[in-house]
Amino acid sequence: MKGPYRVIVVGMGKRGLHHASAFKASPRFQLVGVASRDQQRLSAAAAKLGDVRTTSDARAMTAELKPDVFCFCTPPAVRLPLIDLAIQSGAQLIAFEKPVAVTSAEGMAIKEKLQNAGVKAVVSHQHRYGDHYRKVKSIVDSGAIGKVHSVYGTATGWATHMLSHLVDYTCWFNDYAPGEWVMGQAAGRGKLTDSHASPDYVAGVVHFKNGVRGSYDCGAGAPDVADVPYWWRKCRIGAQGDEGFAEVHTGGGWRAVTRDGVQSGPGTMDYDHDMPPYVDEIADWLEDDAKPHPARFDRAYHGLEIVSALYRSVVEGGQIALPLTGGADEIAALKRKIPDRKVLLTLPESAKEYG
Ligand SMILES: NC(=O)c1ccc[n+]([C@@H]2O[C@H](COP(=O)([O-])OP(=O)(O)OC[C@H]3O[C@@H](n4cnc5c(N)ncnc54)[C@H](O)[C@@H]3O)[C@@H](O)[C@H]2O)c1
């Protein structure tokens, strides 16, 4: 299939506008329409995007414009109806925001629908395009930290915002070896009713089939990343090998100790920097099946399985085997399980979110 590819974007919040702007700026795409239920956001988008069709009726516009790429950027609980609409539209590829879903039940339904329809899909774990993320991956791949035995990810933001990012990039550092089992614990009920429904704090381990151990620490109890002042970007994501380590700080560059000594460099997460290559590789995949997108659905879906298994371990106790074999509503189960005790904070400044 040859471009330029016709794209529509549904949802004109922060990320919808990022996606629409990136598609609009690329000669490999033609942004043919944007939809939002919110008229103010639609007007703001039209002012920024220039000559593009706008509507509050995504369904009618989709039927009329028949996009090659259907993109949607909606809150985490809004997924399946838009997957259905995208598949009905005949689009070749669906691009949507992380997380894949909030529950494994919805994630599995999405997976089945995509498989049955034979539609490609990508999920926006685009931080990986940051130069500091790529640097860490290149150090790991060069062998400079020896044989990798552990990967790790921490974030002060809560899980439905941050955990799928941590899992995806650590899996990348571990060459996407599949997880075998997961065990976790959680605390704090405050964010269970948030638009990004999550326990206030979740921590746990993943055993990957290649023997590598993953550890995750996400939310109110996560450790500080002291050199990063911006609260949302206090994320430490790295790999440890038998000769050193390399890690990225989302808002503060990269660090490594390798057999060549101590090294560090700059970098911070930047949507303007990360979105162009993200959409460019969508076009690559549309043109050539042999160039699957690095942020393809299968990888993100495995990340959802890991997150869901962490939650199931909280609820059921013990280790949870992967892959998951049946869907569940893990958030409903966490609401029944997590004790009504105030979460203990690592950072005083986190009180503004978890107070
Ligand atoms: N990849 C990243 O770096 C990154 C960063 C921030 C947010 N996100 C994710 O992006 C998604 C959207 O976040 P945001 O910050 O853009 O949110 P937002 O609140 O700014 O925008 C959400 C948009 O969805 C629309 N919407 C809500 N319900 C809808 C429905 N039922 N049907 C159609 N449209 C609907 C809203 O009108 C709004 O325009 C979330 O899943 C979030 O986790 C990803």
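**Exercise 1. Find the loop that holds Pro 323, then describe the peptide bond that leads into this residue.**

Step 1. Pro 323 sits in the loop between β15 (320–321) and α10. Helices (H or I, at least four residues) and strands (E, at least two) are DSSP runs, numbered from the N terminus.

Step 2. Now take the bond from Leu 322 to Pro 323. It is cis, with omega near -5°.

Step 3. A note on the source: this is a predicted model, where local features need pLDDT of at least 70, side-chain atom pairs count only at pLDDT 80 or more, and totals for chains, interfaces and linings use all residues. Residues are numbered from 1 along each chain as its sequence is written, and side-chain values use heavy atoms, with hydrogens and water left out.

**Exercise 2. Describe the backbone at Pro 4 and at Asp 175.**

Step 1. Pro 4 belongs to the segment before β1 (5–10). The peptide bond from Gly 3 to Pro 4 is cis, and omega is near 0°.

Step 2. Asp 175 is in the loop between α7 and β8 (179–187). Its phi is near 50°, a positive value in a residue other than glycine.

**Exercise 3. Work out how α9 and α10 are arranged.**

Step 1. Two packed helices are described by the angle between their axes and the distance between the axes. Axes are lines fitted to C-alpha atoms, for helices over the stretch in contact, and angles run from 0 to 180 degrees between N-to-C directions.

Step 2. The axes of α9 (residues 297–316) and α10 (residues 330–337) come within 9 Å and cross at roughly 30°.

Step 3. Therefore α9 and α10 are roughly parallel to each other. Angles under 35 degrees count as roughly parallel, over 145 as roughly antiparallel, 65 to 115 as roughly perpendicular and the rest as oblique.

Step 4. The crossing of α9 and α10 is left-handed. That term applies if the near helix is turned anticlockwise from the far one by less than a right angle; clockwise is right-handed.

Step 5. List the contacts (heavy atoms within 4.5 Å). From α9 come Ser 308, Tyr 311, Arg 312, Val 314 and Val 315; they meet Glu 330, Ile 331, Ala 333, Leu 334 and Lys 337 of α10.

**Exercise 4. Do the task again for α7 and α9.**

Step 1. The axes of α7 (residues 159–173) and α9 come within 9 Å and cross at roughly 120°.

Step 2. So α7 and α9 are oblique to each other. Their crossing is right-handed.

Step 3. Among the residues in this contact are Leu 163 and Val 167 of α7, with Ile 306 and Leu 310 of α9.

**Exercise 5. Finish with α5 and α9.**

Step 1. The axes of α5 (residues 104–117) and α9 come within 10 Å, crossing at roughly 160°.

Step 2. α5 and α9 are therefore roughly antiparallel to each other. α5 passes α9 in a left-handed crossing.

Step 3. Residues of α5 in this contact include Met 108 and Leu 114; those of α9 include Phe 297 and Tyr 301.

**Exercise 6. Name the residues that come nearest to the ligand, then find polar contacts.**

Step 1. There are 22 residues around the ligand (a heavy atom within 4 Å). Arg 15, Arg 79, Lys 98, Gln 126 and His 196 come nearest.

Step 2. Look for polar contacts (pairs of N or O atoms within 3.5 Å). A polar side-chain atom of Gln 126 is 2.9 Å from a ligand oxygen atom.

Step 3. Turn to the backbone. A backbone N or O atom of Lys 14 lies 3.0 Å from an oxygen atom of the ligand. For a polar backbone atom of Met 12, the distance to a ligand oxygen atom is 3.3 Å.

Key. Polar contact = N/O pair within 3.5 Å; in protein donor to acceptor, adjacent residues only side chain to side chain.
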